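Subject: A structure for you to look at

Hi,

Here is the structure I promised to pass along. Have a look at it first, and then read on for what turned up.

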Amino acid sequence: MTEGWFNIFTEALWILLKIAAIVLPLFLSVAYLTYFERKVIGFMQSRIGPNRVGYFGLLQPIADAFKLMFKEIITPTESSRLLFFIAPILTIAPAFAAWAVIPFNAELVLADINAGLLYVLAMTSVAVYGVIIAGWASNSKYAFLGSLRSAAQIVSYEIAMGFTLVGVLMCANSLNLGNIVAGQQGGMGQWYVWPLFPLFIIYFISAVAETNRAPFDVAEGESEIVAGFHVEYSGMAFAVFFLAEYANMILVSMLAALMFLGGWLSPVTFLPDSILWLFAKVAFLLFFFLWFRATFPRYRYDQIMRLGWKVFIPLTLVWILFVGLMMQTPYKDMFH
Amino acid sequence: MDIIFYLFASILILSSLKVITSRNPVYSALFLVLSFFSAGAIWLLLEAEFLAIALVLVYVGAVMVLFLFVVMMLDIDLKKLKEGFWDYMPVAGLVALIMFVEMIMVLNQDFFKTMQATPNHSVSNTEALGQVLYTDYVLPFEVAAIILLVAIIAAILLTLRGTKTHKGIDPADQIKVRRDDRVRMVKMKSETSIKRSR
């Protein structure tokens, strides 16, 4: 009996260690993603960006974290205190929970479950609660408007995003992320990005909208509603929202790399597959997020809704039908 | 395993109770979300991972978000709602009692009693569901889909009735606009010096 408990204990400890091995590097990536964002946008706008703390400003994210840690957290009057503090946790928990099923290479995965893709979709759709609750609990007009905008946007783009994933799983015949990557074996030509190119574009644009990033950042449109749903948050509570946004950016880029760009598989057959390929692909996609922010003006809200419902959803449906029909023809090998 | 089941089951029952007893409707909606999660967890224990994740994805991720959306914007005065509670109590109590007895009579039938789910280990839950949905039950499945489609179209049509009140612009019209429609170039002679006349 005692041995059984001991086994459970060691197994739990082992899982906790694995979680730490995923979450700690993720924290570090988030910190340096904010640094790169400021640097990249700075260069694009002929500025220098942060360059005071450490060499080339490399310690800037750490200085920022320190500053936020020592700031006072203010609760607005007549706010719902409990929900006010639960909201940031509800935002960041799904952003990290989704990483449980992400495979980093053929063996390196925390939970290798059958319905991995569905699990990730469910987790990303739960993240909207943090935003809604933050807006409501703040007892502030701007925060409430921001959260309403964000909720409508996330729910709309989730549908288009879900349909693009249907295309992927039609090609891969599996919901397991590891199997989806394994289906793209054999060089760049086998990646799903080619037969599903329109879906890839739609997925990526929807991903930008899902994470509330520019040019779809009406949820926190500075010029209209100050900072949107997190306008009343300060100190670490604000930092947690910030962390969740960047962790979500990395997550959706990781998913795009796994599902469309062959994950850890090498683009050419004479080089070995490696986790480094995965990181390179994710970094490449993340750069687009920063590039978009520096380039595009903010979308108007009704146009965001129109793009999601009237353009993306019909387009994905047509392409799914096309893939389904092609699979009944002699050309079906193109789609596997 | 039993401990985990009882843990989730008690969370489910407690949060369901809170749904109907919370004073604030937003809290009620959030407790409903919690009960969906617990129900999903119980399905996971039955190895029905597709159903569990679909419950979270559809109900928590979409339906309840829209629910919260509406509930947050309502200005509900509980005092007004509670007015006349005791006047209606005898009738409401009688109806509730009849419904309770009826439900017990239905739930005591034999086909409700043999409900031990046996997971099929040869295929995954997703695959097993897909196989029966698209073979044995394909007709009911398609009929359900069409009924849902009709409901969607009806709901959208209801919002489109009446005259157009919003100021949205059709993007097709916007991109058809040419420069000449909006701007007129005027050639003018530059002005000569002003004659000062006094």
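How far apart are the mean positions of the positive and negative charges of chain A? The distance is 10 Å, with 18 positive charges on one side of the reckoning and 19 negative charges on the other. Please keep in mind that this is a predicted model.

Now for the fold. Chain A has 12 helices and 0 strands, so reading from the N terminus you meet α elements from start to end. Its C-alpha atoms fill a box of roughly 65 × 60 × 45 Å along the principal axes. The radius of gyration is 21 Å, which agrees with the value near 20 Å that a compact globule of 336 residues would have.

Inside, 51% of the 336 residues are buried. Among contacts with a separation of 6 or more, 76% join residues 24 or more positions apart. On the outside, chain A exposes about 16000 Å², and carbon and sulfur atoms supply 71% of that area.

The largest nonpolar core is worth a visit: it holds 113 residues, and those with the most contacts inside it include Trp99(A), Tyr129(A), Leu177(A) and Phe260(A). Helix α10 (residues 235–259) of chain A gives this core its largest share, 15 residues.

You could begin with Leu177(A). Leaving aside residues up to four places away in sequence, Leu177(A) touches Val101(A), Ile102(A), Pro103(A), Leu117(A), Val120(A), Leu255(A) and Met259(A).

Enjoy exploring!

Best wishes

Notes
Residues are numbered from 1 along each chain as its sequence is written. Chains are lettered from A and ligands numbered from 1 in the order in which they are written. This is a predicted model: local features need pLDDT of at least 70, side-chain atom pairs count only at pLDDT 80 or more; totals for chains, interfaces and linings use all residues. Side-chain values use heavy atoms; hydrogens and water are left out. Helices (H or I, at least four residues) and strands (E, at least two) are DSSP runs, numbered from the N terminus. The radius of gyration is taken over C-alpha atoms; the globule rule is 2.2 Å times the number of residues to the power 0.38. Buried means under 20% relative accessible area, exposed over 50%, partly exposed in between (1.4 Å probe, protein chains only). Contact means heavy atoms within 4.5 Å. Accessible areas come from the Shrake-Rupley method with a 1.4 Å probe; for residues, only the protein chains shown count as cover. Lys and Arg count as positive and Asp and Glu as negative; His and the chain ends are not counted. The place of a charge is taken as NZ of Lys, CZ of Arg, CG of Asp or CD of Glu. A nonpolar core is a set of buried Ala, Val, Leu, Ile, Met, Phe, Trp, Tyr and Cys residues joined through side-chain atoms within 4.5 Å.
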